[in-house]
There are 2 protein chains.
Amino acid sequence: MNRFKVLIVLLFCSVMAMAQGSPKDNGDKWETAASPNSKVVVRFGIDNGRPYYTVQYGTKDVIKKSFLGLELAKSKHASKGMEETNLMDGFELTQTIKTSHDDTWKPVWGETDEIRNHYNEMAVSLWQAKSNRNIKIRFRIYDDGVGFRYEFPQQKDLNYFVIKEEHTQFAMAGDHKAWWIPGDYDTQEQETQESRLSEIRSRFHDAVNWDNSSVAVFSETGVQTALQMKSNDGLYINIHEAACINYPTMHLNLDDKNMVFESWLTPDATGLKGYMQTPCNTPWRTILVSDDARDMLSSHLILNLNEPCKIKDTSWIHPTKYVGVWWEMIVGKSSWNYTDEFPSVQLGITDYNKAKPNGKHGATTANVKKYIDFAAENGIDQVLVEGWNIGWEDWFGHSKDYVFDFVTPYPDFDIDYLNKYAHEKGVKLMMHHETSSSTQNYERHLEAAFNLMNKYGYDAVKTGYVGDIIPRGDHHFSQSTNNHYMHVVEEAAKHHIMVNAHEAVRPTGLCRTYPNMVGNESARGTEYEAFGGSRPDHTVILPFTRLQGGPMDYTPGILETQLKTWSNNQNYVHTTLVGQLALYLTMYSPLQMVADLPENYKKYNDAFQFIKDVPCDWSRSIYLEAEPADYITVARQDKNSNDWYIGGKCDENGHKSVLKLDFLDKDYVYDCTIYADAKNADYKNNPKAYKITHKKVKKGDVLKLTMAPGGGFAISLEVRWNC
Amino acid sequence: MNRFKVLIVLLFCSVMAMAQGSPKDNGDKWETAASPNSKVVVRFGIDNGRPYYTVQYGTKDVIKKSFLGLELAKSKHASKGMEETNLMDGFELTQTIKTSHDDTWKPVWGETDEIRNHYNEMAVSLWQAKSNRNIKIRFRIYDDGVGFRYEFPQQKDLNYFVIKEEHTQFAMAGDHKAWWIPGDYDTQEQETQESRLSEIRSRFHDAVNWDNSSVAVFSETGVQTALQMKSNDGLYINIHEAACINYPTMHLNLDDKNMVFESWLTPDATGLKGYMQTPCNTPWRTILVSDDARDMLSSHLILNLNEPCKIKDTSWIHPTKYVGVWWEMIVGKSSWNYTDEFPSVQLGITDYNKAKPNGKHGATTANVKKYIDFAAENGIDQVLVEGWNIGWEDWFGHSKDYVFDFVTPYPDFDIDYLNKYAHEKGVKLMMHHETSSSTQNYERHLEAAFNLMNKYGYDAVKTGYVGDIIPRGDHHFSQSTNNHYMHVVEEAAKHHIMVNAHEAVRPTGLCRTYPNMVGNESARGTEYEAFGGSRPDHTVILPFTRLQGGPMDYTPGILETQLKTWSNNQNYVHTTLVGQLALYLTMYSPLQMVADLPENYKKYNDAFQFIKDVPCDWSRSIYLEAEPADYITVARQDKNSNDWYIGGKCDENGHKSVLKLDFLDKDYVYDCTIYADAKNADYKNNPKAYKITHKKVKKGDVLKLTMAPGGGFAISLEVRWNC
């Protein structure tokens, strides 16, 4: 919608050819560079030919001496004669270039309408004599952390190489508290563990949900990023990556004797990890650091380390609120499949017109109409329909290649009529492409599938990657599969289609470059509330971890938290009703589902008003309070008005908030509507007790609020009049 | 061009429910069935629950008692509870159905214009009590051999399963002489070995060309099919497969103590072999047998076991003779790549317009025009151009995924002009798609590539699969890669494009079903004559082995057999000049290259006349004499006239032929032109000594001809007048 604009202010640029560093024992040479506010300091050095770095925050160690390097495959694909020359040691520092950068750019959508990109940079050039190869390591030092990456210029002796492993170390300064999930090549949907680093190994096995559709753990101390930690001396440290393109996703493997993490990349079917052609680079390895937890949430470091938008015309990309024929299937009341008659299906051969419907298919014309009507009545933009296309009878667990064709509706889904009906009411349907992880099959049908979307006027697709990847033996987060996700995003952009990929790789800020990537799942979403539940602190951890790389399609808004009231599912949502409202603010996304059933919203119509009101695109966001796994409170200003919204969410212990409204405009008075947990509310025993109050507020006022166990609050502040 | 027509004459059909067989020790039950002429007899039985079969030819054993069965993967993809139940034993025979079949069908193109499909069939139904699974084994018994396959009906307890290995045995009756190449998951381009079965192990290592672009051997007694053998008592036996669709390609592994071959399928990257969904079946396992070697060559058993043509309108499919910008690159005089400046290329980024041409690029507008002129002058249909599209600078050996885009010409190849120029002269260009085995990348660009072909009027493509397959870890002949080749053929058919795939899987008669598969390489082609050479007997082995499954784009016609006469290549072709002419008959293909350079044909214009004259579509073919690795002589009648052509080719020992022309039409006299090796001709020292003689002949005349060492002869018999 908005074209972004980049203001580049190059403050100063100092080139130091053949940096001297400070002479030390064993010929150690080193260079330092600091963040604009001087608080974050990176040292880079060479120790007996091995590159290393450290990071300090003020006087505190964030990353102790940590070595850098890459192990190359002894592969016939490596350049001739270079098969066994790792990029690990034997390096000399040949040049250090230090520059500064300060500009501001406008995202197409986001938590803020402008983002400042302000860093000091140190790029070191290294020469490995035995191979005659040159590499660079580039550090960008921000006030809230550091990003660095390896760069491989094109050169005579380095054109193609294969990475066996990247050995980037992150040496911790202590046995930090950490919020982690098991490192896994195929799933990110485990529940977060809170433990000391030293406790990861003993807790690892129980931390794995072995029943997940695709599990591939690799080490008892392997964890995923973004990894949020907190040190004993009060530092919040977060390790992740930015701009993971044409490269495998990084995990961290902990040496728990020395508290040193090391990168552990996702392999392909051969066990090798990265196929590289110069000029190229790794993703940025990112380290956020602050003594204020709120800085973990407001940081733009990862977005800033991504490339500017590559899509020229972004006018077709828009934040979207949607309902869907979805939760009723997740809960088990209706089904994706049309019939129960077929033990297996052969697309193009199986005749659905002769099959007996099972009577509980969700994606029927009549049921979809109900959702369209509901969306139209309530100003909701789109209606997702899952299970509309043939193939669901045997879609999972059979390593079936040709599992869906993405274009053929079930007999009871009138695609033409429903799109027309929706469009007449100002609503769009949202497409659904479950791939069953047969990426090969999806690519074969991609163009036809997108053409169908264009024909009927869909402009957004939710994709899914449940189960093991086909090509068989490959993994969800390998270089090749990451390239598949990017291929889909790029092809979608050509068709003016927004993509919301589920079970795809966790994001690394690529939505800056490809803003049609409007959503991802890549973590344990609301669906798990119907599968046994997630802990109440789950949603006050995710913004510190999963959301670092980009928005999540968490699918909030389950106001009827007790599923047995309308289905046979005995599970309940591990938040209060109001807690669900709060998620529209605390779990930022430009794509927000209104996930419950229309009839459930009708039961709580006054609370539903907040979901109707809350925008999903913002001009400002201010994190008012935050502590990982405890609470998060954020105030956000609507991008299209001067209204503000505040959301607070807490864990199982409840939380008391004192909010000073000093961010409001002094020129206005605001109509304030507070959706709060009632006095005895509790996510477990009394989840739907809420209280809605109205008052007038102005800049400087103070609101005192109590979140119930597993609860939260939601506040709308509508501009009423000038003072 | 011709729609085929099937005449089904079901002669008799006998159904025997619950066959009794003959009671034997240990409860063995068996059934027999014989070929229409009763000479080939199959026995099927169950021995202690294990299915087995034997094959006899008259009184001679062809296949001794050989067990049948499949080992299933203990995979999570197998149906629940069935993970460890192999389909190997515990079987009962529940039904035997015997039928007969006799019909005649017309191929779109071929060695004959009609093919009779005459067999007796025995289908046995087997029940495995412990798994409650039913399978069938279907035998079709022809006068020249046997085909059988496993069939898996859809049933409650068998919907999905994964094959770890197929254990189909072929127990030989002796230590036969065999013409074999090493079993290999990725290449078929090894030189054929002639040895006793017992000698395979000791000769295996030296039989592998370890420098091939992709080598993956698996056993020291593993060999490929089609495997031609000859027994001490004079039986010719050939083992291959028919209709390999959605299944991995079979190799044979020899137990060389007992002379028992067993099937050995090609794995994917995980090591597993076949992902099956019922109803389904394996390919046919074929055994040709005769005491006359000519029957190995004239057999239609493999085509007959394939399904009828699935392409409704075949009018756009036509036999084709073509020249190409190719041999000059193979020999090393010109190059596929445009420039030598780029150590590596990034498509879409690398700017070719700024690059310095290397001065020896083959696919220049000027050079292609020369070939177009030559084709037009000599009645040759098409001009293949390799190296026309960007990416050749680093196309091989780097495991590069995005290696070609298949649509962007080099700056010096004017695709628009050249197609117009060719069309004005009645010639078509032939497209070339080298994939570098990045099948994933090819599929991403397939639609655009075919659209480009349609736009400019190409109707045939030569594809190539040099190097290791991407998706990495997969193999050239796995189920998934076989499916890729089929995908390309099917998509090509939608665009009315004929496909000639090089380095793709060896054919199994699929050209009956998909006649736009007009060619394949899948063996050591003429190109090896420029890389060191192939033995002179090579082309009198291939028709017994490689050609069993379908035609080969062998690219004959190198009249200037001594490459150093026009290039720096010191190799020579291991045939005489006349031997090259003979290949147009002995190496049947509807696609025949005229592979030498225009200037070389001008040097031997009188011999070249035969290449201009010889058709590549036939109404009848009669093999006059044949012995594997020694000689082959065949007479063929032009499909579009009453003219006949005869070709004879021999090994390094020469051969004397006495040809009785009793197949000619008694109503005509024929103008006979004989292209023969001159008296002292020899492939090594005097290859280009030839003699052309003209005479009149009629039915019943006898021609006596002498083939030189590595030589042959070629004869055209044009109808001149009625008697």
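How many residue pairs are in polar contact across the interface of chain B and chain A? The rule finds 10 such pairs, with both residues at pLDDT 80 or more. The elements that give two or more residues to the side of chain B that touches chain A are strand 21 (274-277), helix 7 (439-456) and helix 8 (479-494) of chain B. Helix 8 of chain B supplies the largest share of that side, four residues. This is a predicted model, and every value here is computed from it.

Stay at the interface. On chain B, 34 residues are in contact with 34 residues of chain A. The size of an interface is often given as the accessible area lost when the parts come together. Here chain B and chain A bury about 2,900 Å² between them. Of that area, 47% is on carbon and sulfur atoms. Charged pairs also cross the boundary: the rule finds two salt bridges between chain B and chain A. One of them links the side chains of Glu443(B) and Arg444(A), at 2.6 Å from N to O.

Now take the symmetry. Two copies of a chain are related by a rotation about an axis and a shift along it. For this pair, a turn of 180 degrees and a shift of 0.0 Å along the axis lay chain B on chain A with an RMSD of 0.0 Å. The two copies are therefore related as by a two-fold rotation axis. In chain B, the C-alpha nearest the axis belongs to Ala269(B), 3.0 Å away from it. The contact surfaces fit this picture. Of the interface residues of chain B, 100% are also interface residues in chain A, so the copies meet through the same surface.

Next, move to a strand of chain A. Strand 35 (residues 668-677) has 10 of its 10 residues buried, so it is largely enclosed by the rest of the structure. Which strands pair with strand 35 of chain A? Strand 38 (residues 712-722) of chain A pairs with it in the antiparallel sense over nine bridges. Within that pairing, Tyr670(A) stands opposite Val719(A). Strand 36 (residues 690-697) of chain A also runs antiparallel to strand 35, joined by eight bridges. There, Asp677(A) has Tyr690(A) as its bridge partner.

Finish with a single residue of chain B. Thr586(B) lies in helix 9 (residues 577-586) of chain B. Is Thr586(B) buried or exposed? Its relative accessibility is 1%, so Thr586(B) counts as buried; the cut-off for buried is under 20%. Not counting residues up to four places away in sequence, Thr586(B) touches Pro543(B), Leu547(B), Ile632(B), Val634(B), Arg636(B), Gly647(B), Gly648(B) and Lys649(B).

Key. Residues numbered from 1 in each chain as written. Chains lettered and ligands numbered in written order. Predicted model: local features only at pLDDT ≥ 70, side-chain atom pairs only at ≥ 80, totals over all residues. Heavy atoms only, no water. Least-squares fit on C-alpha atoms with pLDDT ≥ 70 in both. Contact = heavy atoms within 4.5 Å. Buried < 20%, exposed > 50% of the residue type's maximum accessible area, 1.4 Å probe, protein only. Pairing = 2+ DSSP bridges. Buried area = accessible area lost by both parts, 1.4 Å probe. Salt bridge = Lys/Arg side-chain N within 4 Å of Asp/Glu carboxyl O. Polar contact = N/O pair within 3.5 Å; in protein donor to acceptor, adjacent residues only side chain to side chain.
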